[in-house]
Amino acid sequence: MIRVSAGDMSPQDTELLEKAQDLLEKVWVHGRHEVATALRTQDGKIHTGVHVEGSCRRSSICAEGIAIGTVLSNGSALDIEAVVSVQIKPADHFRVIAPCGVCRELISDYSPHARVWVTAGETLETYQALDLLPEKSRRVW
């Protein structure tokens, strides 16, 4: 597999990228498990998740949602600092991808100031979760 270069990522975010690529390299199955996510909470812990494709699209669960669930399952507070999601593309190339709209909502609902890494042209860029959803409606918990 050809891995994504961390570029200007901090050492902590580079670790997220590596964990996501390691996980996806281990579990990748075309059409079933094509995305992996690594996120870090404010306590410094890293949590991962892998995309699980169902036989009908609606039953599929994104890697970001599974990673968020592992935060709570592992006893951490759901206060996300940074998120990196990767996908394997043709010719065995990893790429950093932006979360889908549903996952953008989920991340920003729980951690509106989380940094989310995305591919922007030839570089990796980071955005605040709320910046990925202009004019987002916020639910008061």
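**View 1. The largest nonpolar core of this predicted model holds 19 residues.** Met-9, Leu-17, Val-84, Val-86 and Val-96 touch the most other members. Four elements each give two or more residues to this core: α1 (11-27), β1 (35-41), β3 (80-89) and β4 (93-97). Helix α1 gives the most, with five residues.

**View 2. Val-86 and its contacts.** Leaving aside residues up to four places away in sequence, Val-86 touches Leu-17, Ala-20, Gln-21 and Leu-24. Val-86 also touches Glu-34, Val-35 and Ala-36, as well as Phe-94, Arg-95 and Val-96.

**View 3. A second core of 13 residues is separate.** Its members include Ala-67, Ile-80, Val-116 and Val-118.

**View 4. Glu-18 and Arg-3 form one of six salt bridges in the structure.** Their side chains meet at 3.0 Å, N to O. Glu-18 lies in helix α1 and Arg-3 in the segment before α1, so the pair ties together parts 15 residues apart in sequence. Glu-18 is partly exposed, at 30% relative accessible area. Arg-3 is partly exposed too, at 29%.

**View 5. Arg-40 forms salt bridges with Asp-13 and with Glu-81.** The closest N and O atoms of Arg-40 and Asp-13 are 2.6 Å apart. Arg-40 sits in strand β1 and Asp-13 in helix α1, so this pair links parts 27 residues apart in sequence. Arg-40 is buried, at 6% relative accessibility. Asp-13 is buried as well, at 1%. Glu-81 meets Arg-40 at 2.8 Å, N to O. Glu-81 belongs to strand β3, so its bridge to Arg-40 in β1 joins parts 41 residues apart in sequence. Glu-81 is partly exposed, at 23%.

**View 6. Salt bridges that share partners form a network.** Arg-3, Glu-18, Asp-22 and Glu-25 are joined in it.

Note on methods:
Residues are numbered from 1 along each chain as its sequence is written. This is a predicted model: local features need pLDDT of at least 70, side-chain atom pairs count only at pLDDT 80 or more; totals for chains, interfaces and linings use all residues. Side-chain values use heavy atoms; hydrogens and water are left out. A nonpolar core is a set of buried Ala, Val, Leu, Ile, Met, Phe, Trp, Tyr and Cys residues joined through side-chain atoms within 4.5 Å. Buried means under 20% relative accessible area, exposed over 50%, partly exposed in between (1.4 Å probe, protein chains only). Contact means heavy atoms within 4.5 Å. A salt bridge is a side-chain nitrogen of Lys or Arg within 4 Å of a carboxyl oxygen of Asp or Glu.
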